[in-house]
Amino acid sequence: MRLTLAGSTALTRRHLRPAFLLERCIIYTILTGFSLLFSVPFYWLITTSIKIPDEIFAYPIVWVPSTITLEHYIGAFTIVPLARYIANTMIIAIATVIGAVLSNALIAYGLARINWSLAKPLFAIFLATMMVPGAVTMIPVYIIFKTLGWLDTYLPLTVPSYFGAAFFIFLLRQFFLTIPLELSDAARIDGASELQIFSQIVLPLSKPALATLALFQFIGSWENFIGPLIYLNNKDLYTIAIGLAMFRNEYGLREIGPLMAASTIMILPVIVLFFLTQRTFIQGITLTGLKG
Amino acid sequence: MIQVSALRLRISRRRLECELWGLLFTSLGILHLIWLTAYPVLASLYYSFTSYSVIGRWRWIGLQNYERLFQDPEFYNAIYNTLYLIVLGLPIGIFASFLLAILLNQRVRGLSVYRTLFYLPSILPAVATAVLWTWIFHPTHGLLNIALQLLGIVGPNWLADPAWAKPALIVMGLWGAGGSTLVFLAGLQDVPQELYDAAMVDGAGRWAKFRYITIPFMSPYLFFSLVTGLIGGFQAFTSAYVLTFGGPVRSTVTYVFYLWENGFSYLKMGYACALAWVLFVVIVVFTLITFHLVGPRVYYAGR
């Protein structure tokens, strides 16, 4: 958009200069080099998971598998109960997404759209709590859940999401502030209650922000490792993260194929979600990265 | 007069309603603050002065946990490992992702492809990443050593050699460093083009433009990744757990790994809480130092 017509002809002339061409070459060479470095592990993961065992350990490396086998995927589902792990993780992830969307929307609404005395101090406190390392609260929170008899249940992994999280409160509050206050005022004059304004005006306008939140929460629950590690002993309750880690610790590298197949399966939903929601994703990152 | 006081009454009633609605909407969050933040933080401080172990009796032992901690060679080992990972890994990570962002900002074709490639590894589950890298680090059949062999280098036995396990963790971490590339790129695209144009008119060279325009404008972003990287680095756990389980010879026992061991393997919860509080203080101190040393050099446009 910055280019005017005169500018663009100047640019083309500049394009032909050897110095410019050399510079482009260097830029693309470095970028291609890094792209290879970044993508080779993906390639290695996926090809290992579909190679026949002889080719996994073949030397020199077999870059293109001669045959594609699904035996490692079958192995991943039979050596460990991977299907159960996936189902377990889905249950937790869905429960936390519901909890996080509901609770954070309510809290952020109270901080951004209602003019009351504690709105600002409370927000400052939420921000401050982001600095408390999880390691500090880990043990007392464990003891609370143990006292409640919640060990080896999904409650410690899901219930907290129903009470909001500072990062999400921050994200939603910033978004709610961008919705004109006049909309709320007009509705109030028409006699709408705060709950009606919340559910019928603010929430429908905040779908992109709520989607970002749901996405981050889902991936967070899918990837969560330390929570299941601390709270789950019963192998039937394992999530995919803890199940995969234990699979690796038990079998070491003896079951390389199935291990890579299971890792591919764990990575897959994250990649699929990323490609489906790339815009939301990147907006979320850059929004929460610094701006706001 | 009556009308005025009625109005005032109505206003104060409206105010009271706002206060109540505010309280109602944020009540879940307030409960969170009490139940899952304030109480645990204080309880953890209290436990750190006791011999709490979940099972069996526990008693107040004053500063004994802290005294023991400062004589504990494992504590210093964990600090050394954690600092090693931060001091080497963080600058390399920030430098690499900043470099990539600058290259991507040169109006390259296929920007979205590069961006996706660099970004994707940073959002992958840490467990899956670590499992994949245990295979990449395999001494004889792993991708890394085979690649090194092509360059004529005999790669080390990464995960079995105490001298190479920490570098292995750093290498694996660099694969995920592209996350900040995205943030840097967003920042670079916000630098006003007029400034570059004006500098060009004034005859400024490449380096001058980079040094006096790009760097100042990007300093808040760089500072932000330094601080968050520092805070995150002190809490490294999952990668060390899955990739090496603290080994070999405890060379990858990070601070939080040691804390977790004490709390949940040795069941020395009081001691673990003392470790947690030392970590808390260390993080706050490091963050403050960073703000003091680097903060004043950060340039915020329009402020």
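Begin by showing chain A and chain B together, where 72 residues of chain A are in contact with 69 residues of chain B. Stay on the chain A side of this contact and select helix H2 of chain A, residues 18–50, which gives the most to the side that touches chain B, with twelve residues. If you then colour that whole side of chain A by residue class, you will find 53 nonpolar, 15 polar and four charged residues.

Before going further, keep in mind that this is a predicted model, for which the predictor gives the complex an ipTM of 0.88 and a pTM of 0.89. For chain B the mean pLDDT is 89, and 94% of its residues reach 70 or more. Where pLDDT is low, the predicted coordinates should not be read in detail.

Next, hide chain B and colour chain A by its domain assignment, which gives domain 1 as residues 5–69 and domain 2 as residues 75–289. The centres of these two domains of chain A, taken over C-alpha atoms, are separated by 35 Å, and the contact takes six residues from domain 1 of chain A and six residues from domain 2 of chain A. On the domain 1 side of that contact, H2 and helix H3 (53–56) of chain A each supply at least two residues, with the largest share, four residues, coming from H2 of chain A. Sorted by class, this side of domain 1 of chain A has four nonpolar, two polar and no charged residues.

Now bring back chain B, which is divided into domain 1, residues 1–47, and domain 2, residues 66–297. Here the C-alpha centres of domain 1 and domain 2 of chain B lie 41 Å apart.

For the last stop, zoom in on the loop of chain B between helix H11 (238–243) and helix H12 (255–265), where B:Pro248 has its place. Most residues other than glycine have a negative phi, and most peptide bonds are trans. Select B:Gly247 together with B:Pro248, and you will see that the peptide bond from the glycine to the proline is cis, with omega near -10 degrees.

In this loop between H11 and H12 of chain B you can also pick out B:Phe245, which is not a glycine and yet has a positive phi of about 50 degrees. B:Phe245 counts as partly exposed because it has 15 C-beta neighbours inside 10 Å. Finally, select B:Val249, which is likewise in the loop between H11 and H12 of chain B and has a positive phi of about 50 degrees although it is not a glycine. With 13 C-beta neighbours inside 10 Å, B:Val249 counts as partly exposed.

Conventions. Residues are numbered from 1 along each chain as its sequence is written. Chains are lettered from A and ligands numbered from 1 in the order in which they are written. This is a predicted model: local features need pLDDT of at least 70, side-chain atom pairs count only at pLDDT 80 or more; totals for chains, interfaces and linings use all residues. Two residues are in contact if their C-beta atoms, placed from the backbone, lie within 7 Å. Ala, Val, Leu, Ile, Met, Phe, Trp, Tyr, Cys and Pro count as nonpolar, Asp, Glu, Lys and Arg as charged, and the others, Gly among them, as polar. pLDDT is the predictor's confidence in each residue, from 0 to 100. A residue is buried if 20 or more other C-beta atoms lie within 10 Å of its own, exposed if 12 or fewer, and partly exposed in between; C-beta atoms are placed from the backbone. Domain bounds come from an automatic or database domain assignment.
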